[in-house]
Every structure is written in structure tokens, then in C-alpha cells.
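Let's work through a few exercises together. Have the structure open beside you, try each task, and then follow the solution step by step.

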Amino acid sequence: MLVGLAVDLMRCAGRALRPWRPEKPYLRARTVSHLAWVGADSLAIVSVIAACVGIILSLQAAIQLEKVGAMSYVANLVGFSLVTELGPLLTCLILSGRAGAAFTAEIATMRISEEIDALAVMGIDPVRFLVWPKFVAMAVMAPLLTIWADAVGITAGGIFSSLALGLSGKVYFNQIAYFLGFRDLMSGLVKSAGFGVAITVISCWQGFLAREGAADVGRRTTAAVVQSIFVMILLDLFFTALNYIFR
Amino acid sequence: MSGRLESPDIALSDVSVGYGERTVLSGVTTVLPGGKVSVILGGSGCGKSTLLRNIIGLVPIQGGRIVLGGHDMAGISEAERLDVRRRMGVLFQDGALLGSLRLGENIALPLREHTELTDSLIEEIVRLKLRLVGLADFMDYFPSELSGGMRKRAGLARAMALDPAVLLCDEPTSGLDPITAADMDQLILELRATFDMTIVVVTHDLESLYAIADHVVVLSAGRMLFEGPLKQLAASDDPFIHQFLARQPSRESRILGESWSAMVESRRISATGGA
């Protein structure tokens, strides 16, 4: 089933990339609405959490670095931790709880109420209609939201450091600009795109597995969130190891 | 927009039906005639809805052959199966309308997928189909805002969107009040008369059976008990068919009824001290 879903998604990708026969307008509209829902509607919660994490990191870094008189390195720690690790991870944790759980609940409910059978009978591929727009939305929006979370977290950390820790804003942002490279940013973005894809595939797969009434919708949704988080951590380990090996 | 199937007869030969390893129905051989209403009748859990899903192609059969409009459903490619499916409309038990789409969008969906019609033409067809089932004023409603009967009628409008040659209905009158159920029966008869469709209805509703059936298939205890015209059904000497048509309670239920009566009687005796 999971392999079948992956194959169907690859087929959808092939269809979507055919310039000579573009996707039906109603399917494009579904993708746009998913992009807006996953992206724009998650902006507020991602911003709040990223800002809090930025401030927490500055505080934690300050406690240690103050002892060795290296306060200016607060910026390095905040920037590097956020861009390579916490930005993608926290953003995708939010997306897993917010969007992934909703994907599972939607598809599971549709499975139980025969709506997916109805799609198949109408000759509409359920994967193309239901999963593909979610897949595109997550693959595009997870990295974009990560960039936003990185920016908000670093800015919040900088403002807090200059107001509460006595670190000059100019020094903080100079340190960030000097030490953070394009490669660091890309490693975070690759992670978040991978997390986004994993969340979508696991959430939709769990939705399709639903069989036994409303209780199963709840069970599948819980399983989807737990499995998504587990796979995200494994992927994180994999990407980080890869990044270390090819540094 | 949609072509007709070569022949709208549905032929089942020695069909076995089941879930996984378990067979619930076997040896079903019948021809559901084109242009007629065929009713598949049977008690709850006898496999009649599963048989319908086999005909649609949603669930593979365990054995036998289903030939729909000249196409052996087991021997055709996925593309051909999709093509056959496009020419059949299915009314699911609860309508199976997509909850996230408005009624109009639900009915427009097969048109948007399978035709290159303009939006204005699609809207016109949707209005026409909704008028056909008496829901012209509900185009902008979500399915959750409609009653059960309205949802079924809307499901019928969606099943009719591509002008199918075959209409398959799963329990179209279940859960409806007698007047709404009669309306649904009338609608099915009108569809047959107007569009000369092959209609297959799965039900255990006797009122519906007498109102709409031309051809009847009776299923029970894992086999087919009867198949033929409605007028021959009453002449069947099968005890299950007699019991079913006479709406007599089952033996188990009679035993249960007797034990309840005995319990009530014993309570009465103990309460009055046998006086």
C-alpha cells in the first residue's frame, strides 16, 4: 500500500510535469488552495514558536558563553542551531500536528463514508485528486516556512540579545552574516523538504488504511503523527550524518 | 460526452464473492437485462452490497466472470476498466458526496474530469441534473446541510452527470421515510423510462421491490435462491423467499420472543405469589 502510494505519487509528478498536457484547472485550483492552507495559515503559529526558540537559544547560549567571555558567539549558536536543525524540525513538527493530522483525518473519513470509492467510480484517481495537492503544498511550503522560521528566530534572538543581554545588534547580525553559509541554509532546507514529503506520505497512507468507523479515524490520526515524528528524527539523523561526511 | 456501452446487459456467471479468504456468496449466475430495473434482494449481510461492488469493479471477485456491456471485467486493462466505469453511474448508500465540496461542485466533478466543457456549460448541466432530482435550489449547499433523502437524490444527480448507460444503486431507500422512499422509487422508474438505462438496485425494501423491479435476484445463506421476473417470485416454493416476502420473524427471534414471554409470566407469578 505504502509502495503503491509512492508509485502513484511519482506517476502524478510525471503527469504534472508534462508541459504539452497541463493538469486540469480544477486540480490546479485544489493545489493552490492547499498551498494557501498549509503555508499562509501556518505562518502565525510558526512565527510565535520560532521567536520563542530564538530567545530561548540566546538565553541558553549566553549562560555558557558568558563564562568564557565569548558573548558575541551567541549569534553563531542561535543562527547555526536554528538554520541547520531547529528551524526545519520545529516547522515540520508544527506541520505534522496541524496539516498531517488533518490530511489523515480527511482521507480516513472519506474512506469510511465511501467518498474515495465514489471518486474511483467516477474515474478520478484518488491519489491524484487527494494526495498530490497535499504533496506539492508540503514539499513547497515546508522549506518556505523554514526560511521564515529561521528569519524570525534569528531576529527575535538578536532583538532579545541586544535588549536583555547587552550584545550589540550590529555585532550579532555581523556574526550571523559572517559565519552562516549558503551550505548551512541549504542543509536545513533539504531537511525540511524531506520532512514535508515524509509527513504527507505517512499521513495520507494512514488515512487510506482506515476501515472501521469513527474510532479508526482517531487511531489513524494518532499513528500518522507519531510515525511522522519518528521518521522525521530518523531523516534528520540521516541528513545530518550525510552533511558531516561530505562537509 | 459519454458513449453508450455496446450492450447494457450485465452477465454474471458462477460468481463467487467474499472478503479475503472468506466466501460469503458463490455460484451466482444470472443476466441483469439491459433497459430494465433489476433488484438484488436479500437479508442483511448476505453479500448483496459486495456483489454490487464486484460489478462496479471496486472489489475483485473470488471466482467466475462478470461481463458488463460486452466487456469481461476481469480480462480488461485498467484503462478499459476506467472507460467502462465512466459509462456507469453509482449511487452509494449514503450518497458518498464529497463533504468538502458544495453540491454543484460535487456534480460538476465528473464533468470537469472527463470533458473539456466550458465552466458555463458545466454549470448549466449541473443545474439540469439537480432539477431532475428536485434539488435545483440547493446547488450552493454543502452535503452536511442536507437531509439524508436529499443527499441520496444529490448522489443520484452526480451518478447521472455523464449520462451513464448503467446505473447501480446501493440501498437507495434505506433510512428514508415512506414518502421520500416512494419518491426515490419514482425517480428510478422515471430514469429508466426517460433514458432507457440498465438499473441495478440492491435492497431489502419490499415496497421498493414491488414498485420498481422488472427482474429479481434473491440471495441468502451464501447462494442465489431465485432469479427471474418479479411476477414469478411469488410462485417460488423456497421457504426463505416465502418468509422474506411475508416479513415473518426468524426462528431465532421466535425462540427469543417465547423466552421473553416466559420470563414476563414467571415475574407475574412471583409478584402475585401464584395467586
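**Exercise 1. How enclosed is strand β3 (residues 37–42) of chain B, and which strands pair with it?**

Step 1. In this predicted model, count the buried residues of β3(B): six of the six are buried, so the strand is largely enclosed by the rest of the structure.

Step 2. Sort the side chains by direction. In a regular strand, side chains alternate between the two faces of the sheet. Here B:Val37, B:Val39 and B:Leu41 point one way, while B:Ser38, B:Ile40 and B:Gly42 point the other way, and all are buried.

Step 3. Look for the partners. Strand β8 (residues 198–203) of chain B runs parallel to β3(B) and is joined to it by five bridges. Within β8(B), B:Val201 is the bridge partner of B:Val39.

Step 4. Turn to β9(B), which also pairs with β3(B) in the parallel sense, over five bridges. In that pairing, B:Leu219 of β9(B) stands opposite B:Gly42.

**Exercise 2. Describe both faces of strand β6 (residues 88–91) of chain B and find a strand joined to it.**

Step 1. Take one side of β6(B): B:Met88 and B:Val90 are found there, and both are buried.

Step 2. Take the other side: B:Gly89 and B:Leu91 are buried as well, so to speak closing the case that both faces are covered.

Step 3. Follow the bridges. Four of them join β6(B) to strand β7 (residues 166–170) of chain B, and the two strands run parallel. B:Leu167 in β7(B) is the residue opposite B:Gly89.**Exercise 3. Check the span of helix α5 (residues 148–159) of chain B, then ask what its buried residues pack against.**

Step 1. Work out the expected span. At 1.5 Å a residue, the 12 residues of α5(B) should span 16 Å.

Step 2. Compare this with the model: the end C-alpha atoms of the helix are 16 Å apart, which agrees.

Step 3. Assess the burial. Of the 12 residues of α5(B), 10 are buried, and the helix is mostly covered. Among the buried residues are B:Met150, B:Leu156 and B:Ala157, along with B:Arg151, B:Lys152, B:Arg153 and B:Arg158.

Step 4. Identify the surroundings. The buried residues of α5(B) pack against strands β6 and β7 and against helices α3 (103–114), α4 (119–132) and α6 (178–195) of chain B.

**Exercise 4. Where are the domains of chain B, and what does the side of domain 1 that touches domain 2 consist of?**

Step 1. Begin with the bounds: the domain assignment gives domain 1 as 10–232 and domain 2 as 237–275.

Step 2. Add the separation. Taken over C-alpha atoms, the centres of the two domains of chain B are 38 Å apart.

Step 3. Examine the contact. Five residues of domain 1 of chain B are in contact with five residues of domain 2. On the domain 1 side, the elements that give two or more residues are β9 (215–220) and β10 (223–229) of chain B.

Step 4. Classify that side of domain 1: four residues are nonpolar, one is polar and none is charged.

**Exercise 5. Is B:Leu206 buried, exposed or partly exposed, and which residues is it in contact with beyond its neighbours within four places in sequence?**

Step 1. Locate the residue: B:Leu206 belongs to helix α7 (residues 206–212) of chain B.

Step 2. Apply the cut-offs. A residue needs 20 or more C-beta neighbours within 10 Å to be buried, and 12 or fewer to be exposed. B:Leu206 counts as partly exposed because it has 13 C-beta neighbours inside 10 Å.

Step 3. List the contacts. Once neighbours within four places in sequence are left aside, B:Leu206 is in contact with B:Leu245 and B:Arg247.

Step 4. Set sequence beside space: B:Leu206 and B:Leu245 are 39 residues apart in sequence, and their C-alpha atoms are 7.2 Å apart.

**Exercise 6. Summarise the fold of chain B in numbers.**

Step 1. Tally the secondary structure: chain B has 10 helices and 10 strands.

Step 2. Give the extent. Along the principal axes, the C-alpha atoms of chain B fill a box of roughly 85 × 45 × 35 Å.

Step 3. Add burial and contacts. Of the 275 residues of chain B, 39% count as buried. Among its contacts between residues at least 6 apart in sequence, 67% join residues at least 24 apart.

**Exercise 7. How many residues does each chain bring to the contact between chains A and B, and which element of chain A gives the largest share?**

Step 1. Count both sides: 12 residues come from chain A and 15 residues from chain B.

Step 2. Find the main contributor. Helix α5 (residues 115–121) of chain A supplies five residues, the largest share of the side that touches chain B.

Step 3. Sort that side of chain A by type: six residues are nonpolar, two are polar and four are charged.

**Exercise 8. Take the UniProt transmembrane regions of chain A and examine two of the spans in the model.**

Step 1. Read the record. An unreviewed UniProt entry places the feature "transmembrane region" at residues 43–63, 154–173, 185–208 and 228–246 of chain A.

Step 2. Inspect residues 185–208 of chain A: this span is 100% helix and 0% strand, and its end C-alpha atoms lie 35 Å apart.

Step 3. Inspect residues 228–246 of chain A: here the span is 95% helix and 0% strand, with end C-alpha atoms 26 Å apart.

Conventions. Residues numbered from 1 in each chain as written. Chains lettered and ligands numbered in written order. Predicted model: local features only at pLDDT ≥ 70, side-chain atom pairs only at ≥ 80, totals over all residues. Contact = placed C-beta atoms within 7 Å. Helix = DSSP H or I, 4+ residues; strand = E, 2+ residues; numbered from the N terminus. Nonpolar A, V, L, I, M, F, W, Y, C, P; charged D, E, K, R; others polar. UniProt positions renumbered as here; feature names shortened; annotations may be inferred. Pairing = 2+ DSSP bridges. Domains from an automatic or database assignment. Expected span 1.5 Å × (residues − 1).
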